[in-house]
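Please open the structure in your viewer and keep the sequence beside it, so that each selection can be found in both places. The tour moves from one selection to the next and says what is there.

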Amino acid sequence: MQEVDSVSRNVTVGLDGTPESRAAAEWAAREARLRGVPLTLVHAWEPVSEPLAQAALLEAGTWLRRSERGGPGTAPAADWGSIAREAAEGLRLRHPAVDVTVAHLSGRPADVLVEAAKDAGLLVLGSRRTSGLAGFLVGSVGTAVIAGTDTPVILVRAGEQAADEHVEDPVGIPSAATAYRPVVLGVDTRSPGGAVLSFAFEEAARRGTALRAVHGWNLPSYFAYGLPAAPGLDAELGRRDAAALAEVLRPWREKYPDVPVTEESLAGGAAGHLVDAAGDACLVVVGRRIRRGRLGAHIGSVTHAVLHHATAPVAVVAHD
């Protein structure tokens with residue numbers, strides 16, 4: 001079983017003063033408390049030219065800032081210091097057990113965060129909600145960081161609150177005092193990734209909650225073309241996939257006997273099933289296969305869809 005040694009290392013969060021990054025910082029502080037490790041706020045800034053700084057619209061999540069006091073390409077030290085200082089002070093008040101530090105770094109935000117992630121056990125970023133059916137916007141920085149680091153990355157939505165991770169109380173009101181919702185894990189039985197399973201089981205154990213393992217398998221091609229199928233073939237395929245899922249999870253269930261596990265082997269695309277399951281989850285865990293080649297890093301279609309449409313925080317864990 002492949003595992004990752006990330007529990008004893010600090011939690012790092014990217015902070016730019018936006019609502020989504022503040023929600024990410026709150027989530028990161030709660031995670032740091034659960035892990036018993038320090039929290040580092042990384043404030044990255046990239047100098048920009050005068051024309052770009054004056055543009056009416058800048059891409060959300062690019063983390064570009066221009067100081068009212070300085071000229072083109074001048075680091076807004078006072079503004080940045082105020083944002084980081086106020087955020088850190090607030091986190092220390094709300095999470096007194098967490099050691100909070102701030103790192104002010106200059107450079108391309110994606111590069112800065114990828115570098116900061118090397119010394120972290122977990123990197124947390126914000127993601128904002130878009131209008132209509134588009135779901136959530138991960139942004140170019142978030143996408144580049146996820147693809148560029150082997151450290152687990154959590155995407156947290158703007159407006160995410162502690163109560164959202166917990167089941168409702170007896171009168172139907174969300175409360176941070178109740179039990180955690182399940183951790184949802186996307187399992188690829190052909191390439192399960194030990195680091196992904198280890199991360200998901202550890203997060204469930206840390207929260208004292210259940211793990212909901214979801215695997216999607218493709219229907220035979222005759223369904224698409226309306227051709228007749230051999231009697232019972234689809235049911236047999238379902239049984240085989242369920243058995244494969246059980247075999248992947250077996251050693252991890254033995255290692256974490258106190259984590260209740262629900263196995264769901266479902267016909268159809270995995271992304272849709274994971275997005276549906278996210279509605280009742282405290283965390284969704286998916287994998288990203290490490291691919292280093294001429295075409296660069298790759299996130300994967302299922303992980304990409306979950307990042308953009310799941311309503312719960314999403315953890316992306318790199319694996320071989």
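What follows is a walk through several stops in this model, which is a predicted one.

**First stop: Glu 26**

Begin by selecting residues 19-35, which form helix H1, and find Glu 26 within that helix. Is Glu 26 buried or exposed? Its relative accessibility is 19%, and because buried means under 20%, Glu 26 counts as buried. If you now show what surrounds Glu 26, leaving aside the neighbours within four places in sequence, you will find it in contact with Leu 91, Arg 94 and His 95.

**Next: two helices that cross**

Select residues 109-117 for helix H4 and residues 139-148 for helix H5, whose axes come within 9 Å and cross at roughly 35 degrees. The crossing of these two helices is right-handed. To see which residues make the contact, display Pro 109, Ala 110, Leu 113 and Val 114 on H4, together with Val 141, Ala 144, Val 145 and Gly 148 on H5. Sorted by class, the residues in this contact are seven nonpolar and one polar, with no charged residue among them.

**Next: the aromatic rings**

The count of aromatic pairs comes to two. For one of these, select Phe 201 and Trp 252, whose ring centres are 6.3 Å apart and whose planes lie at 25 degrees, so the pair is stacked. This pair links distant parts of the chain, since Phe 201 belongs to helix H6 (residues 194-207) and Trp 252 to helix H8 (residues 233-255), with their positions 51 residues apart in sequence. Both Phe 201 and Trp 252 are buried. Add Tyr 256 to your selection, and you will have the cluster that ring pairs make of Phe 201, Trp 252 and Tyr 256.

**Next: a charge over a ring**

Select Arg 207 and Tyr 180, and look at how the charged end of Arg 207 sits over the ring of Tyr 180, at 5.7 Å from the ring's centre.

**Last stop: Glu 168**

Finish in the loop between strand S6 (153-157) and strand S7 (183-186), where Glu 168 is found. How does Glu 168 stand in terms of relative accessible area? The value is 46%, and Glu 168 is therefore partly exposed. Which residues is Glu 168 in contact with, leaving aside its neighbours within four places in sequence? They are Ile 173, Pro 174, Thr 178 and Arg 181. Of Thr 178 one can add that it lies 10 residues from Glu 168 in sequence and 6.9 Å away in space, C-alpha to C-alpha.

Technical notes
Residues numbered from 1 in each chain as written. Predicted model: local features only at pLDDT ≥ 70, side-chain atom pairs only at ≥ 80, totals over all residues. Heavy atoms only, no water. Helix = DSSP H or I, 4+ residues; strand = E, 2+ residues; numbered from the N terminus. Buried < 20%, exposed > 50% of the residue type's maximum accessible area, 1.4 Å probe, protein only. Contact = heavy atoms within 4.5 Å. Axes fitted to C-alpha atoms, helices over the stretch in contact; angles between N-to-C directions. Left-handed = near helix turned anticlockwise from the far one by under 90°. Nonpolar A, V, L, I, M, F, W, Y, C, P; charged D, E, K, R; others polar. Phe/Tyr/Trp six-rings, centres within 6.5 Å; stacked < 30°, edge-to-face > 60°. Lys NZ or Arg CZ within 6 Å of the ring centre and 35° of its normal.
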